[in-house]
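These are my notebook entries on a structure that I looked through step by step. I wrote down what I looked up and what I found each time.

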Amino acid sequence: MKVALEIDLKSILRWLLAVILVWAAVSKIANLNDFYADISAYRLSLPDSVLRLTTMVLPWLELLCAVLIVAGTVRRAALIWTAVLFAVFVIATGQAWARGLEISCGCMKLDFLGESAGKILESVWFAFLRAIVLLFATIFLLRQREPVASTS
Amino acid sequence: MHPHLPDQKPPFAAKATTLLWQMFGILAASILIGLAYNNASPLGLRSESPSEPFKIESPRTERLNPSPTNVAVASIPPPLATNSRIIAATPTPPLVTNTAQPVATPMKFPELKWPEVKALLSAKKIVLVDARLKANYDISHIPGAISLPATSTAPELQAFATAYPRDTHFVTYCGSDSCHMSRALAESLVKICGYTNVSEMPGGFAEFIIAEPNGGTRAQ
């Protein structure tokens with residue numbers, strides 16, 4: 001019974017991560033220029049070429065990770081990348097929050113939830129807390145052993 | 001020790017190497033897809049040189065100039081060639097036609113940096129217009145700016161134009177220098193609303209937020 005519950009929790013977490021990653025990726029891919037402006041507003045000391053490359057590559061990395069986490073193919077590698085991504089988000093949004101930057105996190109578009117809800121959900125402080133939770137969820141999944149097929 | 005044990009359980013180094021190769025594969029695939037998509041898609045990130053003329057893409061032009069409004073737009077009086085502040089980049093096809101063909105007149109606008117805009121804004125000599133989507137404006141915008149998304153329809157733009165006299169000096173901005181919205185809006189203000197004194201702040205909100213620590217304002 002306990003095993004079944006754990007497997008369910010893992011599956012739920014995987015699907016949750018995948019849905020969040022897909023949503024975030026599609027929001028960015030649909031408007032790369034906005035995403036570039038969003039990450040420029042973080043005022044990180046990075047060259048423009050790095051910001052541009054990040055703008056082009058990061059959404060696809062998110063999308064690939066989502067697909068691989070659900071599909072089960074090279075899942076561990078995808079989970080490690082996901083953890084790296086969330087760790088980077090924690091650092092980026094954390095420094096923006098600490099510096100008091102009033103910017104959109106650029107994580108995902110949530111306008112459909114309403115104006116005020118969208119504002120809160122796209123704020124850097126909320127993105128920071130969300131990234132921490134998702135980072136821990138990813139680490140939890142990484143620490144789980146994949147089920148081994150029985151040979152007996 | 002069981003002789004087959006090493007075969008059944010690969011050593012840590014081998015597993016780590018496999019994992020690293022898989023991670024590298026994911027990253028390489030992301031880079032390839034990302035670069036290919038960026039090159040192929042009209043939504044991709046573009047690096048524009050300042051001298052590159054801006055061209056309105058056909059779908060947007062059709063949206064801003066649907067055929068019923070073409071007649072109204074054609075009656076806008078000031079010809080661009082006589083306007084000293086707005087310079088057409090190429091010799092001019094007629095601004096508007098009554099055909100359904102999209103109008104792609106490359107235009108250039110005076111480009112202002114944030115310090116100049118700041119001074120003009122303080123002196124109340126300009127109206128600063130945020131061309132980004134309303135959701136972005138609501139999250140944060142330059143204090144004193146008003147929102148008029150570049151995606152506004154022709155009737156919305158014409159309604160906006162009733163609030164400001166024809167000699168108003170507008171300065172448009174969007175996200176950053178890679179964003180096309182401010183120039184698209186500047187073109188719409190000229191072509192659809194008939195304004196003649198329109199400038200652009202190409203650095204956009206990114207230039208402002210870099211120059212002004214904690215300077216953004218949320219919509220109330």
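Entry 1, salt bridges. I began with A:Lys28 and A:Glu62, whose side chains meet in a salt bridge with 2.9 Å from N to O. I then looked up where the two partners sit: A:Lys28 lies in helix 1 (residues 2-29) of chain A and A:Glu62 in helix 3 of chain A, so the pair ties together parts that are 34 residues apart in sequence. Both A:Lys28 and A:Glu62 are buried. I noted for myself that this is a predicted model, and that the count over all chains comes to six salt bridges.

Entry 2, salt bridges in chain B. I turned to B:Glu111, which forms a salt bridge with B:Arg183, the closest N and O atoms being 3.6 Å apart. This pair links distant parts of the chain, since B:Glu111 is in the loop between strand 2 (107-108) and helix 5 of chain B, while B:Arg183 is in helix 8 (residues 181-191) of chain B, 72 residues apart. I asked myself whether B:Arg183 is buried or exposed. With a relative accessible area of 11%, B:Arg183 is buried, because buried means under 20%. B:Glu111 has 40% relative accessibility and therefore counts as partly exposed. I also wrote down that salt bridges sharing partners join B:Glu111, B:Arg183 and B:Glu200 into one network. Another salt bridge that I looked up is formed by B:Arg132 and B:Asp130, with the closest N and O atoms 2.8 Å apart, and both of these residues are buried.

Entry 3, cavities. How many cavities of 30 Å³ or more does the structure hold? I found three of them, and the largest has a volume of about 130 Å³. Its lining is made by 13 residues, of which A:Asp38, A:Ser104, B:Arg132, B:Asn136 and B:Phe205 lie nearest the centre of the cavity. At least two residues of this lining are supplied by each of helix 2 (32-40) of chain A, helix 6 (134-139) of chain B and helix 9 (204-211) of chain B, and the largest share, three residues, comes from helix 2 of chain A. When I sorted the lining residues by kind, I got six nonpolar, four polar and three charged.

Entry 4, backbone angles. Most residues other than glycine have a negative phi, so I looked for residues that depart from this. A:Val74 has a positive phi of about 40° although it is not a glycine, and A:Val74 is placed in the loop between helix 3 (48-71) and helix 4 of chain A. B:Lys124, also not a glycine, has a positive phi of about 55° and lies in the loop between helix 5 (114-122) and strand 3 (127-130) of chain B. I compared their surroundings as well: A:Val74 counts as partly exposed at 26% relative accessibility, whereas B:Lys124 counts as exposed at 75%.

Entry 5, chain A and its surface. Chain A comes to six helices and zero strands, and buried residues make up 51% of its 152 residues. On the surface I found a nonpolar patch of about 380 Å², made by A:Trp97, A:Ile120, A:Trp125 and A:Leu129. Of these I looked up A:Trp97, which is in helix 4 (residues 75-98) of chain A and counts as partly exposed at 40% relative accessibility.

Note on methods
Residues are numbered from 1 along each chain as its sequence is written. Chains are lettered from A and ligands numbered from 1 in the order in which they are written. This is a predicted model: local features need pLDDT of at least 70, side-chain atom pairs count only at pLDDT 80 or more; totals for chains, interfaces and linings use all residues. Side-chain values use heavy atoms; hydrogens and water are left out. Patches are made of residues with over 30% relative accessible area and no salt bridge: like charges are joined within 9 Å, nonpolar side chains (Val, Leu, Ile, Met, Phe, Trp, Tyr) within 5 Å. Accessible areas come from the Shrake-Rupley method with a 1.4 Å probe; for residues, only the protein chains shown count as cover. A salt bridge is a side-chain nitrogen of Lys or Arg within 4 Å of a carboxyl oxygen of Asp or Glu. Helices (H or I, at least four residues) and strands (E, at least two) are DSSP runs, numbered from the N terminus. Buried means under 20% relative accessible area, exposed over 50%, partly exposed in between (1.4 Å probe, protein chains only). On a 1 Å grid over the protein atoms alone, a cavity is a set of points where a 1.4 Å probe fits but cannot get out, and a pocket is an open set with protein on both sides within 12 Å along at least five of seven lines; lining residues have an atom within 4 Å of a point. Grid points are joined across faces, edges and corners, and a volume is the space filled by probe spheres set on the points. Ala, Val, Leu, Ile, Met, Phe, Trp, Tyr, Cys and Pro count as nonpolar, Asp, Glu, Lys and Arg as charged, and the others, Gly among them, as polar.
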